[in-house]
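Here is a short set of exercises to work through with the model open beside you. Try each task before reading its solution.

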Amino acid sequence: MTNTYHPIPWETIEALLHRVQKPGRYVGGEYNAIHKPWETTDTHICLAFPDIYELGMSNFALAIFYDLLNAQPDILAERTYLPAPDMIAQMRQAHLPLYTLESYRPVAAFDILAISTAYEQLYTNVLELLDLAGIPLRAADRDATHPLIVGGGHGTFNPEPVADFFDVFVIGEAEAVFLELIDTWRAHRHLPREAQLRALLDVPGLYVPRFYQPTGEFGAVTPTDPATPARILKRLLPMLPPTPVRQLVPNVEVTHNRAVVEIQRGCTRGCRFCQAGAITRPVRERPAAEIVESASAILDATGYEEVALLSLSSADHSEIKPLLEALLDRFKGRHVSISLPSLRIESFSVDLADMLAQGRRSGFTFAPEAGSDALRRRINKDIATEDLLAVATEVFTRGWRTLKLYFMLGLPGETDEDIEAIIDLAHRVRRLGLDIGGRKTEIHVSVSTFVPKPHTTFQWAPLADRATVERRQALLRERLRGRGLRLSWNQYDGTRLEALLARGDRRLNVVVEAAWRNGARFDAWDEWRSPEAWERAFDEAGFDVDDALYRPRAEDEPLPWDHLHSGVEKRFFQRDYRRSQAGELLSDCRESCHACGILVNYPGTWTAEWECPEQGVGSKE
Amino acid sequence: MNDESPLQNPQSKIQNLRYRITFATRQTLAYVSVLELGKIWERSLRRAGMPLKYSQGYNPRPKLHFAAPLPVGCGSEADLMDVWLETPVDPAMMLAALTGVVPQDLSVIDVHAVPEDEAALSEQLVAAEYRVWLRDVAPETVQSAVTNFLNSDTLALAKRGRKYRGKTYDLRLLVEALHLEDAPAPWIGLWMRIHARPGATGRPDEVLKALNLVDTPRRCTRSRLILAS
């Protein structure tokens, strides 16, 4: 079947390029792109990121799978991204289907189409991508002649709002399961789709939504037959796999245009709003010596002049300082800059940033998340205002002039006083900067609106309502004005949609499809989002948005994502939610085990490399 | 990227640190901006292990000078770029080292050393020749547009950029030659030679606009850069 698809001639693509912005997005040709022979390679996989090239090329998960799959002799993996609206219009007018950037083959020609669902605002783009590829949107309307549509990424920890459009979701770390998925599919490739999917039920960590149905009023789902697992535990690698070396080097500018080494996965801090921290447990570190060798090999293979050390909390790497010293030593005189995102508010982190600055001090970032000590305790972000000011003093003293402060608005238990505290804190930091560094000081305050996410302590909390959020944003705008102060915030329309899609259930599938048919796409983009398309979709489906967003969940009610298990137990989150309401902190779990569930759920996977303390192994609360 | 470069030419007595690279770009690389092409070159030269000379300061940049920016949408057959190194390298070895480490649609045609005190390429440039192939348009339409263009004495266009707001320039004066030429089907070939002097540089897309062919699918190639001899 797939052999009937030929590559799209270059001339056909070329004929559209003079009519669109940034045509370099649509042509491929990147250094380190992998071109394998189609006819003689058994399995053809298309990796898709359903947003524009600049974002998709910056997604490290896609880079990992591109490397992993192409390393298999009998698999070829090519890439596609969603074109921007101007190119989509040109392609539709020319009846040109979505194609991959390596062989310019139509996406529909591939055996498996793996689509990143990294975040919720990509969902209407998934439909746009399928439609542009000429693939029926709903799994029920597809058969074995269509690519198997696989979803992966953080969004799959509650994929229910788009469950009807995918054949299978990977729960957890796809590096651990992708090849098993492919092998199982191969063994059943000549069977009807239904039989293929039934076979995939036997692979741990795969969620096949077809074999589940909603039960009861809360949108939770249960298996439709006894062979279906009632709960799917995420897949997990005991240790970090080797980092990709021959990383793609884009020809056009992209969001993150640099080499990447993932130095650590998971986080022990337990911030109660943070989904990434919860679903990527346990912590696994890459040893410093391996990081240095990998970084060196990547820079040789790519020519990049910057390497980013990826993790959720860089300073928590146990060898971070010797690691940076070794990297600086290795790359001395070679014009390589090293970037270290996600630093904590502490003087040790300032030391680290200082080591890397090499004279260039573009801006320092703090993420206090909340304005007052009390609210920071509720979200388990253990930093006192006075300590924060002391660290800010150090930052300015060492020569930084720009300090970025990240906050969230609408956190559970937040009052107007907490907003006053943000304002007060920003002004105090600014005064410090002016006193130490002078008039060039700039404070950038970024306030995003909190969205309660599945598989977090705050998963039961309602979204803050529009009136409250917009009143508090107005307060910030009014009070954070003047020289050296800059404020940015989220539009509520986008937040509301994110919250709805993050916590929705299967009833949202018809709404997502209706919104897409009404023209909703690129929901993460302020300039392209269409709230009207969504409003019409809610009306058409008779969907009660307010109930979905603003009703606090009862602790004992079934949740739409209860059948997907991150390894962290719901009981742990329940206890932690009560601690939050009592204003109690929970210590870093490297110090003592809080029995989140990881250790009991992965007894055979545990290695001494995990940061879990010894006494936690085998313990139950 | 090794400290001791194997590419040193033991015979060289004077320090030759400025090198001229003649290169071609096609297909995918026709769609990058001049800034992006600069980055592509920087990374290619780093992969080749060339000891690039970087500027001083907080944001060091390699010293790379193009003769003229290539318009987005335009490839080239023989574009020129000067690059400065920290230590001398045999040009033939540089050429060999670059082979295999440049993107698929970039080819390196020649590398040779040039005197440090030679004028910048952009100052030596006088004109550029372009081959623009068009399709989905009748040859007669193109021919009559060309005839009209050549018969007009002057063609005032607004200057690009904010600081030139309200200022115009004469595109007709910038076009030295323009005619149809043979091209393989389905293309209709157009050949042009355009002034490329500092402060008086024309671009092929502006000529196409003047010819009313702006929406016509095309393949554009800069075939030659002409330097003052």
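**Exercise 1. An arginine and its partner**

Is A:Arg344 buried, partly exposed or exposed? Then find the acidic residue that A:Arg344 pairs with.

*Solution.* Keep in mind that this is a predicted model.

Step 1: The relative accessible area of A:Arg344 is 26%. Buried would need a value under 20%, and exposed a value over 50%. A:Arg344 is therefore partly exposed.

Step 2: The partner is A:Glu346, whose side chain meets that of A:Arg344 in a salt bridge with an N to O distance of 3.5 Å.

**Exercise 2. Two salt bridges in two settings**

Describe the pairs A:Arg198 with A:Glu194 and B:Arg222 with B:Asp79. For each pair, work out where the residues lie in the chain and how accessible they are.

*Solution.* Step 1: Start with chain A. A:Arg198 and A:Glu194 form a salt bridge at 3.9 Å, N to O. This value passes the test because the cut-off is 4 Å.

Step 2: Both residues belong to helix 7 (residues 193-200) of chain A, where they are four residues apart, about one turn of the helix.

Step 3: A:Arg198 is partly exposed at 37% relative accessible area, and A:Glu194 is partly exposed at 37%.

Step 4: Turn to chain B, where the side chains of B:Arg222 and B:Asp79 meet in a salt bridge of 2.6 Å, N to O. This pair links distant parts of the chain: B:Arg222 is in strand 11 of chain B and B:Asp79 in strand 3 of chain B, 143 residues apart.

Step 5: With a relative accessibility of 1%, B:Arg222 is buried. B:Asp79 is buried as well, at 2%.

**Exercise 3. The two domains of chain B**

Where do the domains of chain B begin and end, and what is found at the interface between them?

*Solution.* Step 1: The domain assignment places domain 1 of chain B at 18-118 and domain 2 at 123-227. Taken over C-alpha atoms, their centres are 26 Å apart. Domain 1 of chain B brings 15 residues to the contact, and domain 2 of chain B brings 12.

Step 2: Now consider area. The size of an interface is often given as the accessible area lost when the parts come together. Between domain 1 and domain 2 of chain B, about 1,100 Å² is buried, with 53% of it from carbon and sulfur atoms. On the domain 1 side, B:Pro71, B:Cys74 and B:Glu77 lose the most area to domain 2 of chain B, together 37% of what that side buries.

Step 3: Look for polar links. Two salt bridges cross the interface of domain 1 and domain 2 of chain B. B:Arg131 forms a salt bridge with B:Glu77, with 2.7 Å between the closest N and O atoms. Eight residue pairs are in polar contact between the two domains of chain B.

Step 4: Ask which element gives the most. On the side of domain 1 of chain B that touches domain 2, the answer is strand 3 (residues 74-84) of chain B, with seven residues. That side of domain 1 of chain B holds eight nonpolar, three polar and four charged residues.

**Exercise 4. Where chain B meets chain A**

How many residues of each chain are in contact, and which element of chain B gives the largest share?

*Solution.* Step 1: The contact joins 31 residues of chain B to 33 residues of chain A. The area buried between chain B and chain A is about 2,800 Å², and carbon and sulfur atoms give 52% of it.

Step 2: Five salt bridges cross the interface of chain B and chain A. B:Arg43 forms a salt bridge with A:Glu305, the closest N and O atoms being 2.8 Å apart. Polar contacts link 12 residue pairs across the interface of chain B and chain A.

Step 3: On the chain B side, the elements that give two or more residues are helix 1 (34-47) and strand 11 (218-227). Helix 1 of chain B gives the largest share, with seven residues.

Step 4: By class, the side of chain B that touches chain A has 15 nonpolar, six polar and 10 charged residues.

Conventions. Residues numbered from 1 in each chain as written. Chains lettered and ligands numbered in written order. Predicted model: local features only at pLDDT ≥ 70, side-chain atom pairs only at ≥ 80, totals over all residues. Heavy atoms only, no water. Domains from an automatic or database assignment. Contact = heavy atoms within 4.5 Å. Buried area = accessible area lost by both parts, 1.4 Å probe. Polar contact = N/O pair within 3.5 Å; in protein donor to acceptor, adjacent residues only side chain to side chain. Nonpolar A, V, L, I, M, F, W, Y, C, P; charged D, E, K, R; others polar. Buried < 20%, exposed > 50% of the residue type's maximum accessible area, 1.4 Å probe, protein only.
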